[in-house]
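Colleague: I would like to go through the labels used for this entry and hear what each one rests on. Please set the value against the cut-off each time.

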Amino acid sequence: MLISEYISKDFPAFEVDSSAEEALEIASEFGFTHVFVQKNNLFLGGICKEFLEENPDKNLEELLIHIERFAILEGGTVLDTVKLFYTFNANIIPIINKNEEYLGYIAYDDVFNELSKYPLFSENGAVLTVETNLKSFSMTEIAKIVESNNSKFYGAFISHVNDDVIQVTMKINHDNLSSIDETFDRFGYHLVHKFYNDEKEELIKDRYQYFQKYLEF
């Protein structure tokens, strides 16, 4: 998952004297949200395509007021890009070396195609989010709770954290879901979200529907 394995080099970084119109044309051709700017091979950052559309008669140097400083080092990992995509509302992240020279880019599709290969995202299963006290948090314990109920633990990530509590979202298989709920509750975890058909809830719904039909006779 090293960034160096995913560098694409067919989208250039433009020199500051390049026209906004030229840069916009190429960004639109690729379908990218940003163009990248460099000066004497020193990477400066990215300019959102909307600013180019508003100023097609200017050159990039005149638009540096709108530049955003974001990039990832070639020694980083694919996971490091996810926050950058979100923070800068981008579908492309520039890759630079330690000398701040532009090497190429990694696109949104490349990252999520790679992540989709991992069991956390690729396996069919149930998704649970549990909450616990931050001081007592243990990912090992969470995995053990799942596996102690003869279910498979495909992976997890921290979906929320503050000074007091932490929430963990996990992917597990569909076996023994009711008993997993009960075990989490017994160990002091609060079930925040669940994305599966809970057998007990379905049973209650079925009985309620049957009771309604009985009253209609």
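**Labels and their grounds**

Modeller: R69 and E100 form a salt bridge, with the closest N and O atoms 3.4 Å apart. The two ends lie in distant parts of the chain, 31 residues apart: R69 is in the loop between α2 (49-54) and β4, and E100 is in the loop between β5 and β6. Bear in mind that this is a predicted model.

Colleague: What makes the pair of R69 and E100 a salt bridge?

Modeller: The rule asks for a side-chain nitrogen of Lys or Arg within 4 Å of a carboxyl oxygen of Asp or Glu. The closest N and O atoms of R69 and E100 are 3.4 Å apart, so the pair meets the 4 Å limit.

Colleague: How many salt bridges does the rule give?

Modeller: The count comes to two. One of them joins E114 and K117, where the closest N and O atoms are 3.1 Å apart.

Colleague: Why is R69 called exposed, and E100 partly exposed?

Modeller: Exposed requires over 50% relative accessible area. R69 has 53%, so the label is exposed. E100 has 32%. Buried would need under 20%, and partly exposed is the range in between, so E100 is partly exposed.

Colleague: What else is there to say about the backbone of E100?

Modeller: Its phi is near 60 degrees, a positive value in a residue other than glycine. N150 also has a positive phi, near 55 degrees, and is likewise a residue other than glycine. N150 lies in the loop between α6 (139-148) and β8 (153-161).

Colleague: Is N150 buried or exposed, and how do you know?

Modeller: Its relative accessibility is 63%. The cut-off for exposed is over 50%, so N150 counts as exposed.

Colleague: Back to the other salt bridge. Why do E114 and K117 carry opposite labels, buried or exposed?

Modeller: E114 has 8% relative accessibility; the limit for buried is under 20%, so E114 is buried. K117 has 59%, and the limit for exposed is over 50%, so K117 is exposed. K117 is found in the loop between α4 and α5 (119-122).

Colleague: How far is K117 from S148 in space?

Modeller: Their C-alpha atoms are separated by 26 Å, and the two residues are 31 residues apart along the chain.

Colleague: Now H34. Why is H34 called buried?

Modeller: Its relative accessible area is 1%, and buried means under 20%, so the label follows. H34 is placed in strand β2 (residues 34-39). That strand is mostly covered, with five of its six residues buried.

Colleague: What does the side chain of H34 make polar contacts with?

Modeller: One polar contact, of 2.8 Å, is with the side chain of T33. Another, of 3.0 Å, is with the side chain of E68. The limit is 3.5 Å between N or O atoms, so both values qualify by distance.

Colleague: Which residues does H34 touch, leaving out those up to four places away in sequence?

Modeller: They include F11, A27, I47, F70, F88 and I92, and E68 is also among them.

Colleague: How do you know that β1 and β2 pair?

Modeller: Pairing needs at least two bridges. Three bridges join strand β1 (residues 13-15) to β2, so they pair, and the strands run parallel. In this pairing A13 stands opposite F36 in β2.

Colleague: What makes β4 and β6 edge strands?

Modeller: Three strands form an open sheet in the order β4-β5-β6, with mixed pairing. Within it, β4 (72-73) and β6 (102-107) each pair on one side only. Between β4 and strand β5 (residues 92-96) there are two bridges in the parallel sense. The requirement is at least two, so β4 and β5 pair. L73 stands opposite I96 in β5.

Colleague: Which residues form the nonpolar surface patch?

Modeller: The patch consists of M1, L79, V82, Y108, F112, Y118 and F121, with about 600 Å² of accessible area together. Y108 is found in helix α4 (residues 108-115).

Colleague: How do you know that Y108 is open enough to belong to the patch?

Modeller: Patch residues need over 30% relative accessible area. Y108 has 38%, so that requirement is met. With 38%, Y108 is partly exposed, because exposed would take over 50%.

Notes
Residues are numbered from 1 along each chain as its sequence is written. This is a predicted model: local features need pLDDT of at least 70, side-chain atom pairs count only at pLDDT 80 or more; totals for chains, interfaces and linings use all residues. Side-chain values use heavy atoms; hydrogens and water are left out. Helices (H or I, at least four residues) and strands (E, at least two) are DSSP runs, numbered from the N terminus. Buried means under 20% relative accessible area, exposed over 50%, partly exposed in between (1.4 Å probe, protein chains only). A polar contact is a pair of N or O atoms within 3.5 Å; within protein, one must be able to donate a hydrogen and the other to accept it, and residues adjacent in sequence count only if both atoms are side-chain atoms. Contact means heavy atoms within 4.5 Å. Patches are made of residues with over 30% relative accessible area and no salt bridge: like charges are joined within 9 Å, nonpolar side chains (Val, Leu, Ile, Met, Phe, Trp, Tyr) within 5 Å. Accessible areas come from the Shrake-Rupley method with a 1.4 Å probe; for residues, only the protein chains shown count as cover.
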